[in-house]
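Please open the structure in your viewer and keep the selection panel at hand. The stops below are meant to be taken in order.

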Amino acid sequence: MSTETTNGTAVTDQSADGQERLRRWRLVLGGDAADGTGCALSGRDTAMDGALTALYGKGDKPQSGRERSAGLGASAPSVARWLGDIRTYFPSSVVQVMQRDAIDRLGLSTLLLEPEMLQAVEADVHLVGTLLSLNKAMPETTKETARAVVRKVVEDLEKRLATRTRATLTGALDRSARVSRPRHHDIDWNRTIAANLKNYLPEYRTVVPERLIGYGRASQSVKKEVILCIDQSGSMAASVVYASVFGAVLASMRSISTRLVVFDTAVVDLTDQLDDPVDVLFGTQLGGGTDINRALAYCQSQISRPAETVVVLISDLYEGGIRNEMLKRVSAMKASGVQFVTLLALSDEGAPAYDREHAAALAALGAPAFACTPDLFPEVMAAAIEKRPLPVPDTA
């Protein structure tokens with residue numbers, strides 16, 4: 001606290017730390033007479049307070065005097081000025097949160113259909129999701145600007161995720177291709193020793209290996225087939241963005257054959273657009289119902305080498321199709337040798353909402369459903385490729 005009581009009198013803490021605490025509380029509380037800070041703002045702080053009040057001000061309460069001017073309204077020029085202000089006064093991570101709140105709290109989505117607005121905003125995954133949901137309503141004059149915004153976010157994500165993903169999966173592919181006559185530097189010593197323990201010679205305190213187990217060498221042939229099956233209902237917007245980027249990265253690896261399928265109540269195969277994730281994203285249609293069973297039926301029909309196939313279902317599991325048929329398909333795919341992965345979300349947004357009954361039913365089939373961050377996704381795929389237990393996050 002910044003005040004203390006001496007002989008019943010409140011004394012304000014005049015230290016630099018105390019004044020800074022008062023300043024911060026004043027910006028948080030918004031300056032009501034009852035906020036208790038007694039702190040006056042000036043200069044840059046006044047401008048910051050104005051930007052915060054415009055978004056988080058008085059809500060639906062009647063306003064009077066100076067307060068009546070607070071708020072963004074539906075004026076494109078005032079919103080553009082506000083967007084410029086918050087980029088001046090706050091770091092990028094805070095700007096992105098404030099933009100998201102402005103879209104949700106003040107209904108500014110329609111203003112994003114104007115090119116001038118798109119040029120003013122701070123581009124991030126959440127903005128891309130909003131733009132994709134507005135895609136069908138977007139005028140032609142805005143579409144090129146929107147594509148430029150989406151491309152910037154996609155390129156930034158690829159720079160962040162691609163190198164580690166390729167390195168992790170290349171190692172997993174090599175390890176999954178065991179050979180029995182490896183060259184010396186390709187020997188998997190842990191597996192070789194475990195397989196030859198019966199040949200231990202106590203007098204020499206060593207193991208004489210009868211059989212060597214080694215890592216397979218990288219080759220240009222297709223070793224694994226991956227099918228990404230993505231729920232494009234409105235709640236999955238961030239997952240669609242990340243999955244499209246990962247799909248493009250996987251498709252760039254010659255040893256992995258990648259198929260990308262999106263669905264709501266209909267199923268669309270976007271594999272032929274994987275060379276450009278921006279085309280993939282604009283080929284999606286966020287919103288609508290969900291028919292997981294129909295989507296899995298299509299994916300099942302595309303499997304030619306079950307033992308070398310990984311199917312990744314990315315969905316919150318709110319099924320609008322035939323539940324029992326969906327579970328039967330998952331069971332049949334697993335029985336045929338398919339590695340089946342269920343991700344409730346592929347994003348950094350924290351714990352998602354999902355159908356717990358369906359998640360439990362999938363777990364009972366040996367296909368645990370869990371949320372996955374983009375940073376964890378390469379490890380999940382590596383485990384699936386190597387047919388070892390998935391690194392399910394601890395949610396306890």
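Begin by selecting Ala51, Leu52, Ala54, Leu55 and Tyr56 in α2 together with Met98, Asp101, Ala102, Arg105 and Leu106 in α4, since this is a predicted model in which these two groups of residues meet. Sorted by class, the contact of α2 with α4 comprises 8 nonpolar and 2 charged residues, with no polar ones. If you then display the two helices as cylinders, α2 covering residues 44-56, you will find that their axes come within 10 Å and cross at roughly 35 degrees.

Next, keep α4 (92-106) in view and add helix α6, whose buried residues α4 helps to cover. Helix α6 spans residues 125-133, and because 7 of its 9 residues are buried, it is largely enclosed by the rest of the structure. To see which ones these are, select Val125, Leu127, Val128, Gly129, Thr130, Leu131 and Leu132, the buried residues of α6. Besides α4, what covers them includes α5 (115-120), α7 (140-176), α9 (237-251) and α10 (277-282), so these helices can be switched on one by one.

Finally, turn to the cysteines: how many disulfides does the structure hold? There are 0 disulfides, and Cys229 is a useful case to select, for its nearest cysteine sulfur, that of Cys299, lies 3.7 Å away, whereas a disulfide would require the sulfur atoms to be within 2.5 Å. Seen from the other side, Cys299 is likewise in no disulfide, its nearest cysteine sulfur being that of Cys229. Is Cys229 buried or exposed? Cys229 counts as buried because its relative accessibility is 0%, and Cys299, at 1%, counts as buried too.

How values were computed. Residues numbered from 1 in each chain as written. Predicted model: local features only at pLDDT ≥ 70, side-chain atom pairs only at ≥ 80, totals over all residues. Heavy atoms only, no water. Buried < 20%, exposed > 50% of the residue type's maximum accessible area, 1.4 Å probe, protein only. Helix = DSSP H or I, 4+ residues; strand = E, 2+ residues; numbered from the N terminus. Contact = heavy atoms within 4.5 Å. Axes fitted to C-alpha atoms, helices over the stretch in contact; angles between N-to-C directions. Nonpolar A, V, L, I, M, F, W, Y, C, P; charged D, E, K, R; others polar.
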